[in-house]
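Reader: Hey, I've got a protein model to look at and no clue where to start. Can we go through it together?
Author: Sure, pull it up and ask away.

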Amino acid sequence: MPIECAELTDRAVLSVSGPEAAGFLQGLVTCNVETLQPGAAAFGALLTPQGKILFDFFVVAVPEGYLIETPVSLAPDLAKRLKFYRLRAKVDIAERPDLRVLALQGGVPAGLPGTAYADPRLAALGARAIVPADAVADWLAADGVTAVTAEAFRARRIALGVPEGGLDFAYGDAFPHDANMDDLGGVDFAKGCYVGQEVVSRMKHRGTARRRIVQVEGDRALPPAGTEIVAGGKTAGTLGAHAGTAGLALL
């Protein structure tokens with residue numbers, strides 16, 4: 001079976017390095033970065049003090065520190081927010097326009113530059129890679145690789161019921177439980193404190209999550225994302241991303 005590979009132009013990369021990078025991130029984000037080995041990734045978020053998702057991302061351990069893969073629309077604001085929290089920590093934070101993000105299904109081609117890692121949310125989502133911009137063409141043309149569109153990976157994500165920020169929930173409005181981050185490895189409930197930790201922990205232990213992103217299916221192509229879903233004359237939720245008749249909704 002050939003390896004499918006797509007460039008995700010809607011994703012961007014930041015780097016966080018320096019002698020205190022691990023502790024700095026550990027005290028901010030929902031995932032555990034201190035246990036990551038080089039080449040491994042964690043799915044996580046940076047929350048408001050009230051526990052709502054401001055940014056979601058993958059944190060990838062590399063020899064120099066960490067790479068953060070996040071939506072391209074959020075990257076500048078995420079870098080600014082991290083610098084706000086940096087204070088006197090010995091940490092360097094930088095946007096990395098020289099790097100690109102790829103999605104892979106069916107394996108990872110060998111011998112190419114960059115850092116590949118299993119998608120930490122769900123094994124069926126395959127792998128991803130952060131590579132130099134000038135190496136993208138080599139990845140897409142490697143032996144055994146079939147270049148596909150990013151939309152093909154989006155359809156697979158929807159079919160597997162995995163939400164994505166900005167498409168299936170609004171940043172600043174959803175708790176990690178709303179976005180199923182607790183089921184997708186995006187929250188480490190055993191680690192120490194981080195921004196918004198008290199609210200998220202309380203929701204878990206009291207079972208107070210009121211909304212979830214679920215899979216929905218129509219008998220025809222679904223309406224645009226953002227369409228209200230009504231049941232019994234009352235708004236029950238909002239439709240998110242969809243591919244054909246399959247979609248996700250926050251209900």
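Reader: Which helix gives the most to the lining of the largest pocket?
Author: That's helix 4, residues 150-159, with 6 residues in the lining. Keep in mind that this is a predicted model.

Reader: OK, and how much space lies in that largest pocket?
Author: About 300 Å³. The lining is made up of 16 residues, and L8, A150, F153, R154 and E164 are the closest to the centre.

Reader: How does the lining divide into nonpolar, polar and charged?
Author: You get 10 charged residues and 6 nonpolar ones, with no polar residues.

Reader: Back to helix 4 for a sec. Which of its residues are buried?
Author: F153, R157 and I158 are buried. They sit on the same side of helix 4, because they cover an arc of only 140 degrees around the axis.

Reader: Why would residues a few places apart point the same way?
Author: An α-helix has 3.6 residues a turn, so residues three or four places apart end up pointing the same way.

Reader: And what do the buried residues of helix 4 pack against?
Author: A set of strands: strand 1 (3-7), strand 7 (99-105), strand 11 (213-217), strand 13 (234-243) and strand 14 (246-250).

Reader: What's going on just after helix 4?
Author: G161 is there, and it takes a positive phi of about 75 degrees.

Reader: New topic: what's the volume of the second largest pocket?
Author: About 150 Å³. It's lined by 13 residues, and V62, E64, L67, R96 and L99 lie nearest its centre.

Reader: Which strands supply at least two residues each there?
Author: Strand 2 (11-17) and strand 5 (65-71) each do that. As for the kinds of residue in that lining, 6 are nonpolar, 5 are polar and 2 are charged.

Reader: Last thing, how many disulfides does a search of the whole structure find?
Author: It finds 0.

Reader: Why is there no bond for C31?
Author: The closest cysteine sulfur is in C193, and that is 15 Å from the sulfur of C31, so the two are too far apart for a bond. To count as a disulfide, the sulfur atoms have to be within 2.5 Å.

Reader: Is C31 buried or exposed?
Author: C31 is buried, with a relative accessible area of 3%.

Reader: And C193, buried or exposed?
Author: C193 is exposed, and its relative accessible area is 63%.

Definitions and conventions: Residues numbered from 1 in each chain as written. Predicted model: local features only at pLDDT ≥ 70, side-chain atom pairs only at ≥ 80, totals over all residues. Heavy atoms only, no water. Buried < 20%, exposed > 50% of the residue type's maximum accessible area, 1.4 Å probe, protein only. 1 Å grid on protein atoms, 1.4 Å probe; cavity = no way out; pocket = protein on both sides within 12 Å on 5 of 7 lines; lining within 4 Å. Points joined across faces, edges and corners; volume = space filled by probe spheres on them. Helix = DSSP H or I, 4+ residues; strand = E, 2+ residues; numbered from the N terminus. Nonpolar A, V, L, I, M, F, W, Y, C, P; charged D, E, K, R; others polar. Arc of directions from axis to C-beta. Contact = heavy atoms within 4.5 Å.
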